[in-house]
Amino acid sequence: MQLRNYINNQLVAPIGGQYLDNIDPSTGAVYSYIPDSDEKDVDMAVQAAKAAFPAWSALSTEIRADYLDKLAAGIEKRLEAFAKAESIDNGKPIKLARIVDIPRSVSNFRFFASAVRQFSTDTHDMGNEGFNYTLRQPIGVVACISPWNLPLYLFTWKIAPALAAGNCVIAKPSEITPMTAYLLSEVAIEVGLPAGVLNIIHGLGGKVGNALSHHPDIKAISFTGGTATGRIIAGIAAPQFKKLSLELGGKNPNIIFADCNLEAAVATSVRSSFQNQGQICLCGSRILVERSVYEVFKTAFLAKAAQLTNGDPLEETTQQGAIVSAAHYQKVLDCIALAKQEGGKILLGGNAITVKGRCEKGYFIAPTVIEGLPHNCRTNMEEIFGPVVTLTPFDTEEEALMLANATEYGLSATIWTENLRKAHRVAAKVQAGVVWINCWLVRDLRTPFGGVKNSGVGREGGAEALRFFTEAKNVCVVY
Ligand code: NDP
């Protein structure tokens with residue numbers, strides 16, 4: 001199967017005629033070809049988007065919101081096909097794609113359809129003198145660049161608010177997981193989205209992503225991906241004064257206090273460590289455990305993690321699928337080797353796995369738990385983004401906070417305690433944009449989402465996203 005770009009409401013071949021292999025990570029085999037697009041394809045999409053912008057931005061909010069609802073319904077109608085495509089492309093268990101990734105993509109469009117219908121702006125009264133009102137106007141042509149770990153989920157999380165706010169979009173999925181973005185372009189054609197409003201360009205970050213960052217007619221970029229890539233994009237876009245939203249990497253602490261509900265903490269920590277093979281930016285990769293319950297927690301955590309079944313992502317019972325690509329598989333294995341060199345003791349996993357049958361050549365790694373490492377070694381400082389967690393004991397609340405805040409990242413944190421005051425005290429002091437108390441990955445789409453320090457700049461979610469994708473214009477009226 002040969003994928004095509006979606007430009008001006010048509011599926012088109014890349015201008016240069018070049019294609020890249022798309023590999024199924026559960027088998028290691030090429031199963032489709034994706035456009036190896038370049039700046040010419042990007043420019044063609046930008047011209048289509050520019051031409052579409054005056055009419056799209058002039059539509060009533062209600063009509064734009066209706067289009068988003070149609071996109072949601074179009075994905076929902078083909079939920080099973082989308083889930084299967086996501087599972088094959090990414091290596092994630094089909095069950096996860098079916099109950100999390102694709103339903104959330106549907107919700108993203110529905111949520112922002114509803115949010116934009118209720119979006120309001122400010123007025124500032126100056127008493128007898130007059131007043132100000134703020135217009136929130138669409139920016140124009142914007143770029144949305146997303147990663148491979150939650151492909152359609154994060155792709156639509158950006159596209160939906162951008163379109164709702166009246167912008168025209170050039171979107172680039174990761175070249176590693178292009179399939180559901182391609183299916184979305186089919187849905188956009190089916191529902192009759194006006195030509196040029198949404199354009200999807202496939203290809204490499206260094207070519208397509210780079211061209212998007214440079215293009216003078218793209219006025220804002222919403223990016224989710226690694227910190228190093230975010231830095232490159234900011235370096236290109238900032239001197240052009242493009243608006244930037246950067247959602248970057250994480251090395252999130254999962255803090256277990258002795259007075260927590262241990263059973264709940266263990267069960268959720270297994271999920272927050274290994275869901276999607278640990279390839280979620282919000283996974284708690286550093287588990288910090290109060291010393292008095294360290295051994296009890298460790299024993300229960302290892303026992304539960306050992307029960308996770310690695311296997312063919314397309315099988316219903318599989319809990320752990322494949323690592324997304326050969327390169328990332330090798331990176332995670334190198335990180336495990338580094339942890340050993342740094343003196344870490346492997347308590348569980350630590351090795352690649354062969355899944356018999358169809359998936360014999362796939363990229364599988366066992367859930368891995370490591371202890372005995374200093375908090376400031378590379379394993380505890382650098383993002384691994386795989387099924388690898390470390391256990392570190394602490395003695396006091398102050399020490400827990402010191403350890404939690406010791407990395408350059410600040411995306412999310414999880415706190416387990418039954419002590420209400422302590423929970424809120426630690427939540428206030430932990431350096432993270434998103435904090436969960438006695439839970440993990442519970443998402444209310446109205447809330448601000450994003451990181452501090454090297455985990456990003458700006459916030460997504462709810463009104464924050466609609467504000468990002470609009471320009472505020474203050475109008476002052478004097479009586
Ligand atoms: P990358 O940064 O490698 O890629 C992200 C996207 O950027 C891809 O579409 C990629 O294209 C593109 N890209 C790569 N190079 C450039 C460039 N020079 N200019 C413009 N675009 C470029 O991240 P991964 O895909 O490897 O995703 C994993 C990372 O994403 C992790 O660090 C993870 O923490 C982070 N992440 C953050 C989240 C958050 O909300 N903060 C959520 C999810 C993930 P291509 O793949 O085609 O090269």
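Me: A pocket here is an open set of points on a 1 Å grid, with protein on both sides within 12 Å along at least five of seven lines. What volume does the second largest pocket have?

Reply: Happy to help, and please note that this is a predicted model. Among the 18 residues lining the second largest pocket, R271, Q275, L308, T318 and Q319 lie nearest its centre. The volume of the second largest pocket is about 440 Å³.

Me: Which element gives the largest share of the lining of the second largest pocket?

Reply: Let's start with the residue classes: seven lining residues are nonpolar, seven polar and four charged. The largest share of this lining is four residues, and they come from α9.

Me: Where does the ligand sit?

Reply: Around the ligand there are 31 residues, and E175, T229, L248, C281 and E383 come nearest. By class, this shell holds 14 nonpolar, 13 polar and four charged residues. As for its place, the ligand sits in the largest pocket.

Me: Which element supplies the largest share of the lining of that largest pocket?

Reply: About 920 Å³ of space lies in the largest pocket. Its lining counts 46 residues, with P147, F223, G225, G226 and T229 nearest the centre. Seven of the lining residues, the largest share, come from α8.

Me: How much of the ligand's exposed area does the protein bury?

Reply: First, some contacts: a polar side-chain atom of K172 is 2.8 Å from a ligand oxygen. A polar backbone atom of L248 lies 2.7 Å from a nitrogen atom of the ligand. Alone, the ligand exposes 900 Å², and the share of this that the protein buries is 88%.

Conventions
Residues are numbered from 1 along each chain as its sequence is written. This is a predicted model: local features need pLDDT of at least 70, side-chain atom pairs count only at pLDDT 80 or more; totals for chains, interfaces and linings use all residues. Side-chain values use heavy atoms; hydrogens and water are left out. A residue is near a molecule or strand if one of its heavy atoms lies within 4 Å of it. A polar contact is a pair of N or O atoms within 3.5 Å; within protein, one must be able to donate a hydrogen and the other to accept it, and residues adjacent in sequence count only if both atoms are side-chain atoms. Accessible areas come from the Shrake-Rupley method with a 1.4 Å probe; for residues, only the protein chains shown count as cover. On a 1 Å grid over the protein atoms alone, a cavity is a set of points where a 1.4 Å probe fits but cannot get out, and a pocket is an open set with protein on both sides within 12 Å along at least five of seven lines; lining residues have an atom within 4 Å of a point. A molecule sits in a cavity or pocket if more than half of its atoms lie within 2 Å of its grid points. Ala, Val, Leu, Ile, Met, Phe, Trp, Tyr, Cys and Pro count as nonpolar, Asp, Glu, Lys and Arg as charged, and the others, Gly among them, as polar. Grid points are joined across faces, edges and corners, and a volume is the space filled by probe spheres set on the points. Helices (H or I, at least four residues) and strands (E, at least two) are DSSP runs, numbered from the N terminus.
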